Amino acid sequence: MYYFIETMTEDDIPHVQVIERQSFTTPWSANTYRREIRNLQNCRYVIARASTTPNGETQRSPSPAAPRPFGIFSQLAAIFLAEPPAPANLPPDPTPIVGYGGVWLTVDDAHITTIAVDPVYRGQGIGELLLNALIDHAYDLGAHQITLEVRISNTSAQRLYLKYGFQPGGTRPRYYTDNSEDALIMWTEAINTPTYRARLTELRRQLVVRLQRQAVTDETKER
Ligand SMILES: CC(C)(COP(=O)(O)OP(=O)(O)OC[C@H]1O[C@@H](n2cnc3c(N)ncnc32)[C@H](O)[C@@H]1OP(=O)(O)O)[C@@H](O)C(=O)NCCC(=O)NCCS
């Protein structure tokens, strides 16, 4: 399976919400997503799609105005996985959405507002792929640092963020209304420094190698 990143459109929202409901106890409404993706001045939202071909984006028939995949990771690829079940009440999609994420610029810092991967596809590098796209957008928006909140208990997400240089910077007590759990606030260092850029370059190189290696291994199994 190949993965690529696209800008989220309003047509994507029902598919995003299927993953959202599987991932979060207090999912955002479709209206919230619409409002976020229309706020082009401060927000960027992306989706990850899976495809059986490296140029899966051409399998669909995007409208002339549809956004194109961007970034070096649009060419990344190759993880062979079982075909996921089609979401209930949604037509089958040859390039299903398997994850999504968003970033929001506040003054000169970027805030990762959400990130989630379809449970069927987790642990394969798609969360990293999405985080890389969001970091690219944070650069484009002119952010100096990136921050986020994560549940104290969500150690798998915290490990992803730690890997990309986010460090704990405090807590927001009882931040999550469903169970009154505290949020851990995490911050990157300044993202425009040569040190952070070098770290990002190395992580991206490792991610490409990982995805390519998985592809070769899985392709061998398929034979
Ligand atoms: C957090 C989430 C987006 C990660 O996506 P993913 O595609 O599974 O993550 P990746 O495969 O790209 O993993 C990247 C890194 O994340 C960390 N990680 C991911 N899953 C992990 C797990 N189950 N246990 C420990 N670390 C984990 C690791 O550091 C991993 O790097 P490594 O493989 O080199 O060890 C996904 O688990 C998810 O959708 N969770 C539910 C929604 C959520 O909690 N979002 C975060 C809100 S703040």
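Colleague: What makes up the lining of the largest pocket, by class?

Modeller: In this predicted model, the lining has 16 nonpolar, 14 polar and ten charged residues. Gly counts as polar in that tally.

Colleague: Which elements supply the lining of the largest pocket?

Modeller: α1 (13-23), β4 (109-117), α3 (126-141), β5 (145-151), α4 (155-163) and β6 (167-176) each supply at least two residues. β4 gives the most, with seven. F24, I115, N154, A157 and Y161 lie nearest the pocket centre. The volume is about 1300 Å³.

Colleague: How do you know that the ligand sits in the largest pocket?

Modeller: A molecule sits in a pocket if more than half of its atoms lie within 2 Å of the grid points. The space taken by the ligand is the largest pocket, so the ligand meets that test.

Colleague: What makes the ligand's approach to K163 a polar contact?

Modeller: The cut-off is 3.5 Å between N or O atoms. A ligand oxygen is 2.6 Å from an N or O atom in the K163 side chain. The pair therefore qualifies.

Colleague: Why do G123 and G127 count too?

Modeller: A polar backbone atom of G123 is 2.8 Å from a ligand oxygen. For G127, a backbone N or O atom also lies 2.8 Å from a ligand oxygen. Both pairs are within 3.5 Å, so both count.

Colleague: How much of the ligand does the protein bury?

Modeller: Alone, the ligand exposes 920 Å², and the protein buries 76% of that.

Colleague: Which element gives the most to the shell around the ligand?

Modeller: α4, with six residues. The shell has 22 residues, V117 and N154 being among the closest.

Note on methods
Residues numbered from 1 in each chain as written. Predicted model: local features only at pLDDT ≥ 70, side-chain atom pairs only at ≥ 80, totals over all residues. Heavy atoms only, no water. 1 Å grid on protein atoms, 1.4 Å probe; cavity = no way out; pocket = protein on both sides within 12 Å on 5 of 7 lines; lining within 4 Å. Points joined across faces, edges and corners; volume = space filled by probe spheres on them. Helix = DSSP H or I, 4+ residues; strand = E, 2+ residues; numbered from the N terminus. Near = heavy atom within 4 Å. Polar contact = N/O pair within 3.5 Å; in protein donor to acceptor, adjacent residues only side chain to side chain. Areas by Shrake-Rupley, 256 points an atom, 1.4 Å probe, with all protein chains shown as cover.
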